Each structure stands twice: as C-alpha cells, then as structure tokens.
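Visitor: Hi, I'm new to this one. Can you put it up and walk me through it?
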Amino acid sequence: MIALKSPREIEIMAEGGRILGATVAHLREQAKAGVSTWDLDAMAETFIRSHEGATPAFKGLYGFPGSVCASINQEIVHGIPSRKRVLRDGDVLSLDIGVGYKGYFTDSATTVAIGEVDATSKQLLAVTERALEAGIAAAVVGNHIGDIGAAVQAVAEGAGFSVVRDLVGHGIGTEFHEEPQVPNYGKPKRLMKLTPGLTIAIEPMVSVGTAKTRTMPDRWTVVTADGSRAAHFEHTVAITDAGPRVLTAYAVN
Ligand code: MG
Ligand code: MG
C-alpha cells in the first residue's frame, strides 16, 4: 500500500529532515583521519537527541546497533560503527543516517573524502552526488518511479561506474521503509506513476567496479564483490505539484 502524505504531514517530515540535514552536515565536518566510526556514531546520537523529540531512527531498526551506518571504501552500506574502525587519510566514508520526529521518519546519506583521496574516488563521489541530483530532478508529478532510476543510471554508467542493484530506495513516512521500492536503474515511464504526497528516499549506490555485492560475516556490512570503492548519497524527497521538495537538504561546506 502506498501512503500518500498530506501537506501537514510533509511539513512535519520537513522539520525532522532539517534536523537530519544538520546532523549530516555536522558529521561531514567531524569525519577526519584519526576519528573512529564509533566516535561519529556517538556524535550523531548526541546531536540528534539535542533536538527535542528527535531520535536516531537506525538504533535498533531491524536490530542494528548504531545510530549511523558508517561504511568505508569498498563497503557500500550498513557498516557497523566500531572503535576499531579509525578513518585514515585517503579513505572514503559513507554515512547513512535516519531521524524519527513526531511520528515520521527521514533518511539521508552522504559520502565524505577523508583528507586527500585518489582521482577516481573524487570522481566517484562527484558522479554519485550528480546521479542523486538527476534522480531528484526526475521526481516530478506525471513521471514514474522508472524515470528516477533511469536518470540515476544514465549519470552513473555514463561516467563508467556501476549502479548497485541489490539495494534500492524506498517510500518513507510513518514507517522507515514503505512502498514503493525506488531502484537506481530502470526505464522511463515504468513502475508507479509519481503523484503529489508521495515521499521517497532516493539513494544511488555507485561502485567503481562491479555492481555485484557481498555481505560480510557480521551479517550487516554490504561490500562490492570485487573490493572496488563505492559511494552512497541519499535524500528524502516529497513529490509536490510545485516539483520535488528535498526534505533533508543541508549546506555543503
Ligand atoms: Mg539511508
Ligand atoms: Mg534509505
């Protein structure tokens, strides 16, 4: 079932999304060599809870232990925060964070270059962010879910990278994961038609090498099968008559 949101519900999600956007911006600043993903997790939880009524949505979601997913280099998503995972110069770090606020959820991800990274990694981050922007631009009334995937795929594959297919975007609202699924590949005019009130997480995961994935023995961390690096950018977006509204925007420094 698709749960369309009223303008009032979208405003509540935008409030939560502002808190999440600020959290993402804060963590982007704090992510540097010498900092562990455990430290970042603690910072995220403290920062989110400093806003009255806001909770870190990932904590306990399906049993996940952290407030953020922190995935380094060949890790695509769902990395578990750990004191043993200390960031090093040249790493790329994907942070995926969710916020619960007044009964609604928002979801966002970003990938940060730690210190000086190689040229391919720089390009990977730029292309994945551009793929997200293209996906958001396609999220207009009258288009279909397939138009979003097609737009994401064109940017990622146009740059010679691969789109991860085993994981997809999703509807979001009173539940963290709602229908419909939002794949990062596809064909225009396919799948569900986009209508005002639909709120979705668009989240391209792009790999330098293969699109194939593997799950680590911790049963959470998803990595590229060939060990190549991956990036992940995500926003929660409301489909409105005035165009796509990004609910989790933040200022990039
Ligand atoms: Mg996410
Ligand atoms: Mg998501």
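Visitor: Okay, which protein donors does the magnesium ion (ligand 2) have?
Guide: They're Asp107 (OD), His170 (NE2), Glu203 (OE) and Glu234 (OE), lying 2.0 to 2.2 Å from the ion. Donors here are N, O and S atoms within 2.8 Å of the metal (3.2 Å for Na, K and Ca), and water is not among the atoms, so sites may look incomplete.
Visitor: Where do these numbers come from?
Guide: This is a predicted model, where local features need pLDDT of at least 70, side-chain atom pairs count only at pLDDT 80 or more, and totals for chains, interfaces and linings use all residues. Residues are numbered from 1 along each chain as its sequence is written, chains are lettered from A and ligands numbered from 1 in the order written, and side-chain values use heavy atoms, leaving out hydrogens and water.
Visitor: Which residue coordinates both magnesium ions, ligand 2 and ligand 1?
Guide: Asp107 does, and the two ions are 3.2 Å apart.
Visitor: And where do Asp107 and Glu203 sit along the chain?
Guide: Asp107 is in strand β5 (residues 104-113), while Glu203 is in the loop between β9 (199-202) and β10 (205-207), 96 residues apart. Strands are DSSP runs (E, at least two residues), numbered from the N terminus.
Visitor: Are those two buried or exposed?
Guide: Both Asp107 and Glu203 are buried, meaning under 20% relative accessible area (1.4 Å probe, protein chains only).
Visitor: New topic: what's the strand order in the open sheet?
Guide: Five strands run β8-β7-β9-β14-β15, with antiparallel pairing. Two strands pair if DSSP finds at least two bridges between them. The edges are β8 (178-182) and β15 (243-246).

Notes:
Helices (H or I, at least four residues) and strands (E, at least two) are DSSP runs, numbered from the N terminus. Buried means under 20% relative accessible area, exposed over 50%, partly exposed in between (1.4 Å probe, protein chains only).
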